[in-house]
Amino acid sequence: MERPKQKYIRNESYLKSVRGKPCLICMKASEAHHVNHAEEHGISMKVGDNWVVPLCHMCHMKLHNYGDEKTWWDLKGIDPIAWAKFGWETFIGRYK
């Protein structure tokens, strides 16, 4: 039996709002990073935009170069999934 396709949330307004926040690591200007271990996703597919966190370009590249995202976050002592969940719920709550 084939699994139903996952529908990923895409929301450019939310991505823009996350880009306006300081990097979770160094507090510099950020870009939006999709937390890959937040939900299942296909090969070459990003998780939904609801699973993004702010990272500056340098920290973003360090994370990708490290390779093991979950361990990288653990070493930083930050729970990106909790941050992303709270950020998304806060953003959506403004429009209810």
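# Chat: cysteines, a histidine and a helix pair

Visitor: Hi! How many disulfides does a search of the whole structure find?
Guide: Zero disulfides turn up when the whole structure is searched. Keep in mind that this is a predicted model.

Visitor: OK, what about Cys26, which cysteine sulfur is nearest to its own?
Guide: That would be the sulfur of Cys56, 3.5 Å away, and Cys26 is in no disulfide. Seen from the other side, Cys56 is in no disulfide either, with the sulfur of Cys26 at 3.5 Å.

Visitor: Why isn't that pair a disulfide?
Guide: The cut-off is the reason: a disulfide needs the two cysteine sulfur atoms within 2.5 Å, and the sulfur of Cys56 is 3.5 Å from that of Cys26.

Visitor: Is Cys56 buried or exposed?
Guide: Cys56 is buried, because its relative accessibility is 5%. Cys26 has a relative accessibility of 31%, so Cys26 counts as partly exposed.

Visitor: Changing topic: what does the secondary structure come to?
Guide: There are four helices and two strands. Going along the sequence, the pattern reads α-β-β-α-α-α.

Visitor: And how much of the protein is buried?
Guide: Of the 96 residues, 35% are buried. As for contacts with a separation of 6 or more, 67% of them join residues 24 or more positions apart.

Visitor: Nice. Where does His60 lie?
Guide: His60 is in helix 2. With a relative accessible area of 9%, His60 is buried.

Visitor: What does His60 touch, not counting residues up to four places away in sequence?
Guide: Glu31, Ala32, His33 and Leu55 are the residues that His60 touches on that count.

Visitor: Back to helix 2, then. How do the axes of helix 2 and helix 3 cross?
Guide: Helix 2 covers residues 57-66 and helix 3 covers residues 69-76; their axes come within 8 Å and cross at roughly 125°. That angle makes helix 2 oblique to helix 3.

Visitor: Is the crossing left-handed or right-handed?
Guide: The crossing of helix 2 and helix 3 is right-handed.

Visitor: Which residues make the contact?
Guide: Helix 2 brings Cys59, Lys62, Leu63 and Tyr66, while helix 3 brings Glu69, Thr71, Trp72, Trp73 and Leu75.

Visitor: And how do the residues of that contact divide into nonpolar, polar and charged?
Guide: In the contact of helix 2 with helix 3, six residues are nonpolar, one is polar and two are charged.

Notes. Residues numbered from 1 in each chain as written. Predicted model: local features only at pLDDT ≥ 70, side-chain atom pairs only at ≥ 80, totals over all residues. Heavy atoms only, no water. Axes fitted to C-alpha atoms, helices over the stretch in contact; angles between N-to-C directions. Parallel < 35°, antiparallel > 145°, perpendicular 65-115°, else oblique. Left-handed = near helix turned anticlockwise from the far one by under 90°. Contact = heavy atoms within 4.5 Å. Nonpolar A, V, L, I, M, F, W, Y, C, P; charged D, E, K, R; others polar. Buried < 20%, exposed > 50% of the residue type's maximum accessible area, 1.4 Å probe, protein only.
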